[in-house]
Amino acid sequence: MKFVLSCLFVVFTNGLIPFMHPMRNEVNLRKMRTVVMAEAIIGPRPGPPGVYDAAMTTGAAKASLPNAKLLTLGFLSGCHIGLGAFLMISCGGMCPGLKETNPGAMRALSGVFGLPTGLIMVLGGGGELVTGNFALIAAAWANGKATLKNLLRNWSVVFFANFLGSLTLAAIAALANTGVTSGAIAIATGVTS
């Protein structure tokens, strides 16, 4: 709506300003149109403050989503992150020869296929990931655009759904006998010991 109003303002001023102010030239009109269009596209605060404003708006929208949608999108996002971890283990973790000869290349290969792939699936699917909601809804709550009740409800429902989705995918991968269970156990043991 703001963009439409700004465009109407530009059209309106295009026709009237030269008649109202005969001393204005075409260069000044072009500068003014550019400023108005930039405010309409970027928002009233360009740069990092504008990004924060967008984060607050997104957080307020996420805080008001119903539980059924949060559970569905959260479960799918947990599966997506789990698929990224599954891909990381199957591509990077299951290369014992590479691990022995060049552990740095094995870690780089794991990093290329792991979390980035899962995050791309979450973003592409429009999912609900609890880590993003920690930042976005907290920004909305800090500025009064979301209630504490909605913040805590969203965080708990999405955390539970993400956890359930990732556990479901892990169970399916283990039951399917994909061969990555030993690699996953080795990685988990290496991280925790």
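Select Trp155 to begin: with a relative accessible area of 22%, this residue is partly exposed. The model is a predicted one.

Next, add Phe134, which is likewise classed as partly exposed, at 38% relative accessibility. Phe134 and Trp155 form one of the 2 aromatic pairs that the structure holds. A pair of aromatic rings is described by the distance of the centres and the angle of the planes. For Phe134 and Trp155 the centres are 4.9 Å apart and the planes stand at 90°, so the arrangement is edge-to-face. Now display the helices around the two rings. Phe134 belongs to helix 8 (residues 130-142) and Trp155 to helix 9 (residues 148-175); with their positions 21 residues apart, the pair links distant parts of the chain.

Remain on helix 9 and select Phe159 and Phe163. The planes of these two rings lie at 0° and their centres 6.4 Å apart, so this pair is stacked. Both residues lie in helix 9, 4 residues apart, which is about one turn of the helix. Phe159 has a relative accessible area of 48% and is partly exposed; Phe163, at 48%, also counts as partly exposed.

Finally, colour the chain by pLDDT. The mean over the protein chain is 77, and 76% of the residues reach 70 or more. Among the elements, helix 9 has the highest mean pLDDT, 93, whereas helix 1 (residues 2-20) has the lowest, 39. Select residues 1-25 last: the pLDDT is below 50 over this stretch, which has 19 contacts in the model beyond near neighbours in sequence. Where pLDDT is low, the predicted coordinates should not be read in detail.

Key
Residues are numbered from 1 along each chain as its sequence is written. This is a predicted model: local features need pLDDT of at least 70, side-chain atom pairs count only at pLDDT 80 or more; totals for chains, interfaces and linings use all residues. Side-chain values use heavy atoms; hydrogens and water are left out. Rings of Phe, Tyr and Trp (its six-membered ring) pair if their centres lie within 6.5 Å; planes under 30 degrees apart count as stacked, over 60 as edge-to-face and the rest as tilted. Helices (H or I, at least four residues) and strands (E, at least two) are DSSP runs, numbered from the N terminus. Buried means under 20% relative accessible area, exposed over 50%, partly exposed in between (1.4 Å probe, protein chains only). pLDDT is the predictor's confidence in each residue, from 0 to 100. Contact means heavy atoms within 4.5 Å.
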